[in-house]
Amino acid sequence: MSSEKNAPFSPPERPEQRKGQQLLFVAVLFAVLLNFPFLAVFDHEGRVGGIPVLYLYVLLAWVGLVLLTGWLVRR
């Protein structure tokens, strides 16, 4: 028996499988970002340019989700 047969071997991933894993990661990331602990951090009376901080955070997180998802799908 050669040492090559005992070496761990992982088959190469298909590009579709890898893209699916990346999109799943993005979905979980944004589910976390738009959930209680992070929303509570931005839920205060402050304003940026007249826009409440919480609204701005949700808007920027949503725009980030759209841009990141679009970039991953087109890649």
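Reader: When does a charge count as sitting over a ring?

Author: The criterion is that NZ of Lys or CZ of Arg is within 6 Å of the ring centre and within 35 degrees of the ring normal. In this predicted model, the charged end of R75 sits over the ring of W71, at 4.7 Å from its centre.

Reader: And how many aromatic pairs are there in the whole structure?

Author: A search of the whole structure gives 1 aromatic pair. The partners are F42 and Y57, whose rings are stacked, with 4.1 Å centre to centre and 15 degrees between the planes.

Reader: Which parts does that pair tie together?

Author: F42 belongs to helix α3 (residues 36–42) and Y57 to helix α4, so the pair ties together parts 15 residues apart in sequence.

Reader: Are the two residues buried or exposed?

Author: F42 counts as partly exposed because its relative accessibility is 26%. Y57 has 13% and therefore counts as buried.

Reader: Changing topic, what forms the nonpolar patch on the surface?

Author: The patch consists of L59, W62, V63, V66 and L67, which together have about 480 Å² of accessible area. One of them, L59, lies in helix α4, which spans residues 53–74. L59 counts as partly exposed, since its relative accessibility is 45%.

Reader: What pattern does the chain follow along the sequence?

Author: The order is α-α-α-β-β-α, with 4 helices and 2 strands.

Reader: How much of the chain is buried, and what area does the chain expose?

Author: Buried residues account for 9% of the 75 residues. The chain exposes about 6400 Å², of which carbon and sulfur atoms supply 67%.

Conventions: Residues are numbered from 1 along each chain as its sequence is written. This is a predicted model: local features need pLDDT of at least 70, side-chain atom pairs count only at pLDDT 80 or more; totals for chains, interfaces and linings use all residues. Side-chain values use heavy atoms; hydrogens and water are left out. Patches are made of residues with over 30% relative accessible area and no salt bridge: like charges are joined within 9 Å, nonpolar side chains (Val, Leu, Ile, Met, Phe, Trp, Tyr) within 5 Å. Accessible areas come from the Shrake-Rupley method with a 1.4 Å probe; for residues, only the protein chains shown count as cover. A salt bridge is a side-chain nitrogen of Lys or Arg within 4 Å of a carboxyl oxygen of Asp or Glu. Buried means under 20% relative accessible area, exposed over 50%, partly exposed in between (1.4 Å probe, protein chains only). Rings of Phe, Tyr and Trp (its six-membered ring) pair if their centres lie within 6.5 Å; planes under 30 degrees apart count as stacked, over 60 as edge-to-face and the rest as tilted.
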